[in-house]
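Trainee: I'm new to this one and would like to learn how to read it. Could you walk me through the features, step by step?

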Amino acid sequence: MTPRPAIAMRADSTEPLLDALDRQIIVATQSGLPRVARPYHAIAAQLGMTAEDVMCRLQRMLETGIIRRIGAVPNHYALGYKANGMSVWDVPDERVHELGEKIGALDAVSHCYHRPRHLPVWPYNLFAMVHGHDRAEVEAKVHRIAELLGNADRGHTVLYSTRILKKTGLRLGG
Amino acid sequence: MDALDRAIINNLQGGFPVCDEPYREVASQLGTNTNELLRRLDTLLENGTLSRFGPMYHAERLGGGLTLAAMQIPPDDFERVAAIVNAFPEVAHNYAREHALNMWFVLATETPERIGVVIAAIERDTGYTVHNMPKREEFFVGLRFEA
């Protein structure tokens, strides 16, 4: 995806506003951090800023959640996690927060979200992406989630992807 | 991939420091030096073990719209609909999945308002309902992939 959506800001946004320099830092780093001894100095030199300013702005974006984290994104397939199942759960709405936090803490759950139901076709309100070396490992992890949920699990299923129809490399937002 | 590569992958999934010489700080935690860490990080990125290294930005907090949507498409019409859906530049990922709802895609738009506009356009162009499933809450996930 192009950087275009990344730097769009709404005038009426209630989120902390980014200024032009923040946006330049975002554009300069969205394909990655320079792999040199002093990476923040390298970004600063490229943008005509001071390294202190770059680091201060990155730190602030980390604190406000605009940057989720600075780090590596492993290709889970290359690490041997070849089975990926989207497990979906129907749990009582009043418990979804508490249960989502517990599931998110489990190993090899890479995303965990509360999403709306679409009855009757879709009764599930809690999504957890589960990764394993094979489907048996995914199923075992799903079983562990079911045990953790106990009687709050009013129904669940696992959707495996059969084909990637499009993947344009959404860089932002993960 | 040896023990140091694995340690690098596991360490770098956590918070990378913001300081003058962050690689040196990580290298010393891992019992290696800056040059060796950078050399291995380059290799892990080049051979595709890591898909990316750097800040991960939060799309919605940058002002954009992001959602997950699903459609139920009859198998004999699936390819036609997939081509129409994929042609929208706002469709970032699209997966076929084993379920009555058999097409799942992520929409990323410049503004949150555009999500509804794009969904309406997809419904109009394909003739099928789009089930919009925006996240209501995101739960924290810790370290995910042990190398």
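**Reading a predicted pair of chains**

Mentor: Let's begin with confidence, as this is a predicted model. In chain A, helix 1 of chain A has the lowest confidence, with a mean of 40, while helix 3 of chain A has the highest, at 98. Taken over chain A, the mean pLDDT is 86, and 87% of the residues reach 70 or more.

Trainee: Over which residues of chain A does pLDDT stay under 50?

Mentor: Look at both ends of the numbering. One stretch is residues 1-15 of chain A, where the model has 34 contacts beyond four places in sequence. Another is residues 169-174 of chain A, with 20 such contacts.

Trainee: Next, domains. How is chain A divided?

Mentor: Chain A has domain 1 at 16-73 and domain 2 at 83-160. Their centres, taken over C-alpha atoms, are 35 Å apart. Chain B is also split, into domain 1 (3-46) and domain 2 (60-132), and there the C-alpha centres lie 38 Å apart.

Trainee: How do I read the overall make-up of chain B? How many helices and strands does it have?

Mentor: Chain B has five helices and six strands. Starting at the N terminus, the order is α-α-α-β-β-α-β-β-α-β-β. The radius of gyration of chain B is 21 Å, well over the 15 Å that the globule rule gives for 147 residues, so chain B is more spread out than a compact globule. Along the principal axes, its C-alpha atoms fill a box of roughly 60 × 30 × 25 Å.

Trainee: And what share of chain B counts as buried?

Mentor: That share is 37% of the 147 residues. You can also ask how contacts reach along the sequence: among those in chain B between residues at least 6 apart, 56% join residues at least 24 apart.

Trainee: Strand 4 of chain B caught my eye. Is it enclosed or open?

Mentor: Here's the general idea. In a regular strand, side chains alternate between the two faces of the sheet. Now the case in hand: Met103(B), Phe105(B), Leu107(B) and Thr109(B) point one way from strand 4 of chain B, whereas Trp104(B), Val106(B) and Ala108(B) point the other way, and all are buried. Since seven of the seven residues of this strand (103-109) are buried, strand 4 of chain B is largely enclosed by the rest of the structure.

Trainee: Which strands pair with strand 4 of chain B?

Mentor: Strand 2 (residues 65-71) of chain B pairs with it in the antiparallel sense over seven bridges, and Leu68(B) has Val106(B) as its bridge partner. Strand 3 (residues 91-97) of chain B is antiparallel to strand 4 of chain B too, over five bridges; in that pairing, Asn94(B) is matched with Phe105(B). A hairpin of five residues links strand 3 of chain B to strand 4 of chain B.

Trainee: Last topic: where the chains meet. How many residues does each chain bring to the contact?

Mentor: Chain A brings 70 residues and chain B brings 68. On the side of chain A that touches chain B, strand 5 of chain A gives the most, with nine residues. By type, that side of chain A has 37 nonpolar, 21 polar and 12 charged residues.

Trainee: Which strands bridge from one chain to the other?

Mentor: Follow strand 1 of chain A: seven bridges join it to strand 1 (residues 50-57) of chain B, and the two run antiparallel. To find one of these pairings, start at Ile67(A), whose bridge partner in strand 1 of chain B is Tyr57(B).

How values were computed: Residues are numbered from 1 along each chain as its sequence is written. Chains are lettered from A and ligands numbered from 1 in the order in which they are written. This is a predicted model: local features need pLDDT of at least 70, side-chain atom pairs count only at pLDDT 80 or more; totals for chains, interfaces and linings use all residues. Two residues are in contact if their C-beta atoms, placed from the backbone, lie within 7 Å. Helices (H or I, at least four residues) and strands (E, at least two) are DSSP runs, numbered from the N terminus. Ala, Val, Leu, Ile, Met, Phe, Trp, Tyr, Cys and Pro count as nonpolar, Asp, Glu, Lys and Arg as charged, and the others, Gly among them, as polar. Two strands pair if DSSP finds at least two bridges between them. Domain bounds come from an automatic or database domain assignment. A residue is buried if 20 or more other C-beta atoms lie within 10 Å of its own, exposed if 12 or fewer, and partly exposed in between; C-beta atoms are placed from the backbone. The radius of gyration is taken over C-alpha atoms; the globule rule is 2.2 Å times the number of residues to the power 0.38. pLDDT is the predictor's confidence in each residue, from 0 to 100.
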